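Student: I would like to learn how to read aromatic pairs, buried residues and pockets. Can we work through a model together?

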Amino acid sequence: MSELALVCSLTGERYSPDLPIWRSPAGGLLDLAGLPRPDPGAWRSRAPGVWRYREVLPIREDRSIVTLGESATPLVPFEYAGRCVALKLDSLLPTGSYKDRGATVLISKVRELGIRRVVEDSSGNAGASIAGYCARAAIECDIFCPQSASGAKLRQITAFGARLQQVGGSREQVAAAAIRAAESTYYASHCWNPFFFHGTKTLAYEVAEQRQGRLPDAIVLPVGNGALLLGAYIGFRELAEAGLIDHLPRLVGVQAANCAPLSAITRPVRPTLAEGIAVATPIRAAQILEAIRATQGAIVSVAEHEIVSALRAALTQGLLIEPTSAAAIAALGAEATAFADVIVVITGNGLKTLDQAEKALTGRPSDGAPAATSAEARES
Ligand SMILES: *Cc1c(COP(=O)(O)O)cnc(C)c1O
């Protein structure tokens with residue numbers, strides 16, 4: 001078994017995981033290699049949740065762990081478009097989104113590196129999650145966000161005591177400001193930092209255990225920067241390489257048609273109700289498309305009115321979810337998800353987006369294209 005290492009996606013060069021770097025010296029994305037094999041025998045002695053899979057989480061010492069008690073999230077049956085699927089409620093994680101899977105591992109690594117101050121750029125759930133875990137670990141945290149950002153997620157970030165740094169200009173300019181600040185601190189990025197992805201991979205471990213190895217045909221999830229989709233892919237691959245599962249479920253990434261950078265058809269970016277996946281230029285786009293290809297999955301784009309219908313359906317079945325998560329449900333209308341056994345990941349808690357939901361459910365959704373038809377899908 002090779003040593004744990006950070007590997008540059010451009011040069012293949014390896015670096016020690018104890019270096020406080022989030023990007024390679026060549027400017028490439030870093031990924032982790034050399035993780036230990038999963039050990040199902042060890043899981044049974046541990047409580048359900050992210051840290052149940054302790055041996056495959058890249059943290060050396062137990063005393064470094066920063067946890068808010070992430071539980072295993074339930075699978076609940078749900079009816080939509082004449083079908084019965086299972087929803088995996090990651091909306092129930094401690095700060096209200098799936099991002100906690102990544103943040104608990106990333107901020108544990110930050111503590112292990114002895115870093116006292118981090119920066120992140122997100123006015124949404126990633127910012128709220130990083131802010132929460134930093135509060136837990138008494139690590140200083142600056143969150144960079146656009147001047148236009150508002151709402152419950154921003155209030156959650158400040159409530160956790162993180163400093164907000166509002167930056168004028170585009171989303172790219174906000175990220176650039178965070179990267180500049182990271183020169184003297186550390187970039188706890190949910191897009192760049194590979195430790196985040198080794199937390200989100202626990203979704204795969206949990207699904208495999210909950211299903212006792214009988215995996216679904218497809219897992220449908222919203223995709224923006226791809227931390228959840230790529231995490232799931234890493235997790236299922238680790239399980240397959242250890243012989244614990246015999247195939248990878250298809251991964252179906254759902255984006256809003258109004259902001260669909262992963263589609264073959266490029267359209268101008270417009271505002272979308274699915275704010276969590278309003279990402280115009282995902283830096284790991286090539287990796288996302290590779291995960292889709294390798295699992296025979298698909299990218300599906302859904303129209304705004306379809307997101308609203310899915311949100312309404314969730315509410316009428318007692319589930320208060322984010323519009324971004326409703327986008328994944330909306331994809332059940334697409335051919336690319338038409339399998340017998342499907343899990344849809346509910347990524348965010350609707351308590352943070354009640355304002356947007358109220359407006360959408362009472363007003364008229366604004367689709368970009370006039371004839372926004374049913375979900376358009378691409379096998380790639
Ligand atoms: C961040 C987020 C997503 C998208 O996750 P990515 O890792 O950016 O693909 C989906 N849903 C919600 C609620 C989110 O907060």
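Student: Are Phe 78 and Tyr 80 buried or exposed?

Tutor: This is a predicted model, so keep that in mind throughout. Phe 78 and Tyr 80 are both buried.

Student: How is a pair of aromatic rings described?

Tutor: Two values are used: the distance of the centres and the angle of the planes. The structure holds six aromatic pairs. One of them is edge-to-face: Trp 22 with Tyr 187. Their centres are 4.7 Å apart, and their planes stand at 85 degrees.

Student: Which parts does the pair of Trp 22 and Tyr 187 tie together?

Tutor: Trp 22 belongs to the loop between strand 2 (14-15) and strand 3. Tyr 187 belongs to the loop between helix 5 (171-181) and helix 6. The pair therefore ties together parts 165 residues apart in sequence. Trp 22 and Tyr 187 are buried.

Student: What about the rings of Phe 78 and Tyr 80?

Tutor: Their ring centres lie 6.5 Å apart, with the planes at 15 degrees. Planes under 30 degrees apart count as stacked, so this pair is stacked.

Student: Which residues form an aromatic cluster with Trp 22?

Tutor: Tyr 187 and Trp 192 join Trp 22 in one cluster.

Student: Where does Arg 23 lie?

Tutor: Arg 23 lies over the face of Trp 192, 5.6 Å from the ring centre. Now look at Phe 197. The charged end of Arg 284 sits over its ring, at 4.5 Å from the centre.

Student: Why does His 190 count as buried?

Tutor: Look at the relative accessibility. Buried means under 20%. His 190 has 8%, so it counts as buried. You will find His 190 in the loop between helix 5 and helix 6.

Student: With which side chain does His 190 make a polar contact?

Tutor: With that of Glu 120, at 2.8 Å, side chain to side chain.

Student: Now a pocket. What is the volume of the second largest pocket?

Tutor: About 620 Å³. The pocket is lined by 22 residues. Closest to its centre are Leu 32, His 198, Ile 234, Arg 237 and Glu 238.

Student: Which elements give two or more residues to this lining?

Tutor: Strand 3 (30-33), helix 6 (194-200), helix 8 (227-241) and helix 9 (285-294). Helix 8 has the largest share, six residues.

Student: How many residues of each class does the lining have?

Tutor: Twelve are nonpolar, three polar and seven charged.

Terms used. Residues numbered from 1 in each chain as written. Predicted model: local features only at pLDDT ≥ 70, side-chain atom pairs only at ≥ 80, totals over all residues. Heavy atoms only, no water. 1 Å grid on protein atoms, 1.4 Å probe; cavity = no way out; pocket = protein on both sides within 12 Å on 5 of 7 lines; lining within 4 Å. Points joined across faces, edges and corners; volume = space filled by probe spheres on them. Helix = DSSP H or I, 4+ residues; strand = E, 2+ residues; numbered from the N terminus. Nonpolar A, V, L, I, M, F, W, Y, C, P; charged D, E, K, R; others polar. Phe/Tyr/Trp six-rings, centres within 6.5 Å; stacked < 30°, edge-to-face > 60°. Buried < 20%, exposed > 50% of the residue type's maximum accessible area, 1.4 Å probe, protein only. Lys NZ or Arg CZ within 6 Å of the ring centre and 35° of its normal. Polar contact = N/O pair within 3.5 Å; in protein donor to acceptor, adjacent residues only side chain to side chain.
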